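User: Please take a close look at one helix in this model and explain how its two sides differ. I am a first-year student, so plain wording would help.

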Amino acid sequence: MSHRIAYQGHLYSEDELREALWLVQVELRNGLPADEKREAEQQILELNGLLKSLRNP
């Protein structure tokens with residue numbers, strides 16, 4: 001059974017979390033203003049934590 005996890009008011013599957021993580025990493029590599037960079041780095045930490053919690057329930 002595919003598990004889903006809530007993040008920012010929406011339910012996401014593991015694949016969707018991985019895609020979101022990938023997109024944030026691409027944005028970060030392409031360059032962001034300082035405040036958006038901090039926000040992206042925080043999102044990466046949160047998404048990695050969510051992925052880890054899905055693997056280790």
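Analyst: The exposed residues Arg38, Leu45 and Lys52 sit on the face of α2 that is turned away from its buried side. The model is a predicted one, and what follows describes that prediction.

The buried residues of α2 are Ala40, Ile44, Leu47, Leu50, Leu51 and Leu54. Looking down the axis of α2, these buried residues fall within an arc of 135°, so they line one face of the helix. A general point about helices helps here. An α-helix has 3.6 residues a turn, so residues three or four places apart point the same way.

The length of α2 can be checked as well. With 22 residues at 1.5 Å a residue, α2 should span 32 Å, and its end C-alpha atoms are indeed 32 Å apart, so the two values agree.

What lies over the buried face? The cover on the buried residues of α2 includes β1 and α1. Leu51 serves as an example. Leu51 belongs to helix α2, and its relative accessible area is 3%, so it counts as buried, the limit being under 20%. Apart from neighbours within four places in sequence, Leu51 is in contact with Glu14, Leu17, Arg18 and Leu21. Leu51 can also be placed relative to Trp22: the two are 29 residues apart in sequence, and their C-alpha atoms are 12 Å apart in space.

Now take α1 (14-30), the helix on the other side of these contacts. α1 has 17 residues and reaches 24 Å from its first C-alpha to its last, close to the 24 Å expected at 1.5 Å a residue. Leu17, Leu21 and Val24 are the buried residues of α1. They cover an arc of only 65° around the axis, which puts them on the same side of α1. This buried set packs against β1, β2 and α2. The face of α1 turned away from the buried side carries the exposed residues Asp15, Trp22, Arg29 and Asn30.

The buried residues of the helices also appear in a larger grouping. The largest nonpolar core has 11 residues in all: Ile5, Tyr7, Leu17, Leu21, Val24, Ala40, Ile44, Leu47, Leu50, Leu51 and Leu54. Two or more residues of this core come from each of β1 (4-7), α1 (14-30) and α2 (34-55). The largest share, six residues, is given by α2.

From the strand side, Ile5 shows how the core is joined up. Leaving out neighbours within four places in sequence, Ile5 is in contact with His10, Leu11, Tyr12, Leu17, Leu50, Ser53 and Leu54.

Two loops deserve a look. Between α1 and α2 there is a loop that holds Gly31. Just after α1, Gly31 takes a positive phi of about 100°. Gly31 has a relative accessible area of 48%, so it is partly exposed, falling between the limits of 20% and 50%. Its C-alpha atom is separated by 20 Å from that of Arg18, and the two residues are 13 apart along the chain. The other loop, between β1 and β2 (10-13), contains Gln8. Gln8 is not a glycine, yet its phi is positive, near 50°. Gln8 has a relative accessible area of 57%, so it is exposed, the limit being over 50%.

The whole chain gives the setting for α2. There are two helices and two strands in the protein chain, and read along the sequence they follow the pattern β-β-α-α. The C-alpha atoms fill a box of roughly 40 × 20 × 15 Å along the principal axes. Of the 57 residues in the chain, 21% are buried. Among contacts between residues at least 6 apart in sequence, 52% join residues at least 24 apart. The accessible surface comes to about 4,400 Å², and 51% of this belongs to carbon and sulfur atoms.

Last comes the confidence of the prediction. The mean pLDDT of the protein chain is 91, and 95% of its residues reach 70 or more. Among the elements, α1 has the highest mean pLDDT (95) and β1 the lowest (86). Where pLDDT is low, the predicted coordinates should not be read in detail.

To return to the request: one face of α2 is lined by its buried residues, and the face turned away from them carries the exposed residues Arg38, Leu45 and Lys52.

Methods. Residues numbered from 1 in each chain as written. Predicted model: local features only at pLDDT ≥ 70, side-chain atom pairs only at ≥ 80, totals over all residues. Heavy atoms only, no water. Core = buried A, V, L, I, M, F, W, Y, C linked by side-chain atoms within 4.5 Å. Buried < 20%, exposed > 50% of the residue type's maximum accessible area, 1.4 Å probe, protein only. Helix = DSSP H or I, 4+ residues; strand = E, 2+ residues; numbered from the N terminus. Contact = heavy atoms within 4.5 Å. Expected span 1.5 Å × (residues − 1). Arc of directions from axis to C-beta. Areas by Shrake-Rupley, 256 points an atom, 1.4 Å probe, with all protein chains shown as cover. pLDDT = per-residue confidence, 0-100.
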